Amino acid sequence: QLEEFAKNFLNKVKNRDVFFLFGEIGVGKTTFVKYFINEFQKINNLPLTEITSPTFSLLNEYQVKDMRIKHYDLFRINKKVDTYNLDIFEKDNKLITLIEWPKLIADNQDIKSIDLTFSYLNDLNNRSVSINFN
């Protein structure tokens, strides 16, 4: 169902959108990003690439035709100051940004984000996603 959600969600994405992905470890944030990017590649008739979590590198970047997709994982960042040199809020009309663990930057008043909160329901097999447009 997460794959179908990502596919349907892609239809609503615009250039320069910033997505904050909230949720516990293992709840599906990176899996959503994988489906999202791979679906974007499919509709552009491009080969699918392996999508992995940038937990240690902090950023994975993907080029899909003329669109760049930046996938950040800020799990290892402890201080807001450590995010300043990452150029997270780059102004580019051909860019989509997905940020896992955005709590240190979520209060940035200049950024309009789409918040996706991934949650476990009654057991670890059932999950939900809520969407909030800021």
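**Exercise 1. Determine where K70 lies and which side-chain partners K70 has.**

Solution. Step 1: K70 belongs to strand 3, which covers residues 67-73. The model used throughout these exercises is predicted.

Step 2: The relative accessibility of K70 is 3%. Buried means under 20% relative accessible area, so K70 counts as buried.

Step 3: The side chain of K70 makes a polar contact with the side chain of Y72 at 3.1 Å. The K70 side chain also reaches the backbone oxygen of D87, at 3.2 Å.

Step 4: When neighbours within four places in sequence are left aside, the contacts of K70 include L59, N60, E61, D87 and E90. Also among them are L95, I96, T97 and L98.

**Exercise 2. Identify the network of salt bridges that includes K70, and examine the pairs formed by R68.**

Solution. Step 1: The network links E61, R68, K70, E90 and D92. In the whole structure, seven salt bridges are found.

Step 2: R68 forms a salt bridge with E61, and the closest N and O atoms are 2.8 Å apart. E61 counts as partly exposed at 41% relative accessibility, whereas R68 is buried at 16%.

Step 3: R68 also meets D92 in a salt bridge, at 2.9 Å from N to O. This pair links distant parts of the chain, with R68 in strand 3 and D92 in the loop between strand 3 and strand 4, 24 residues apart. D92 is partly exposed, at 21% relative accessibility.

**Exercise 3. Explain what the salt bridge between K94 and D66 ties together.**

Solution. Step 1: The side chains of K94 and D66 meet at 3.0 Å, N to O.

Step 2: K94 is in the loop between strand 3 and strand 4, while D66 is in the loop between strand 2 and strand 3; therefore the pair ties together parts that are 28 residues apart in sequence.

Step 3: K94 is partly exposed at 35% relative accessible area, and D66 is partly exposed at 48%.

**Exercise 4. Describe helix 2 and the position of E39 within it.**

Solution. Step 1: Helix 2 spans residues 29-43. Its 15 residues reach 21 Å from the first C-alpha to the last, close to the 21 Å expected at 1.5 Å a residue. N45, which follows helix 2, has a positive phi near 55°.

Step 2: The buried residues of helix 2 include F32, V33, F36, I37 and E39. The buried residues of this helix pack against helix 1 and against strands 1, 2, 3, 4 and 5.

Step 3: E39 has a relative accessibility of 11%, so E39 counts as buried. Leaving aside neighbours within four places in sequence, E39 is in contact with K7 and L10.

**Exercise 5. Find which residues touch the most other members of the largest nonpolar core, and which element supplies its largest share.**

Solution. Step 1: The largest core has 22 residues, of which F9, F19, F32, F36, I69 and L116 touch the most other members.

Step 2: Helix 1, helix 2 and strands 1 to 5 each supply at least two residues of this core. The largest share, five residues, comes from helix 2.

Step 3: Apart from this core lies another, of eleven residues, among them V18, F20, L104 and I111.

Step 4: Beyond residues up to four places away in sequence, L116 touches F5, F9, F19 and F32, among others. F5, F9, F19, F32, F36 and F118 form one aromatic cluster.

Key: Residues are numbered from 1 along each chain as its sequence is written. This is a predicted model: local features need pLDDT of at least 70, side-chain atom pairs count only at pLDDT 80 or more; totals for chains, interfaces and linings use all residues. Side-chain values use heavy atoms; hydrogens and water are left out. Helices (H or I, at least four residues) and strands (E, at least two) are DSSP runs, numbered from the N terminus. Buried means under 20% relative accessible area, exposed over 50%, partly exposed in between (1.4 Å probe, protein chains only). Contact means heavy atoms within 4.5 Å. Rings of Phe, Tyr and Trp (its six-membered ring) pair if their centres lie within 6.5 Å; planes under 30 degrees apart count as stacked, over 60 as edge-to-face and the rest as tilted. A polar contact is a pair of N or O atoms within 3.5 Å; within protein, one must be able to donate a hydrogen and the other to accept it, and residues adjacent in sequence count only if both atoms are side-chain atoms. The expected span of a helix is 1.5 Å times one less than its number of residues. A nonpolar core is a set of buried Ala, Val, Leu, Ile, Met, Phe, Trp, Tyr and Cys residues joined through side-chain atoms within 4.5 Å. A salt bridge is a side-chain nitrogen of Lys or Arg within 4 Å of a carboxyl oxygen of Asp or Glu.
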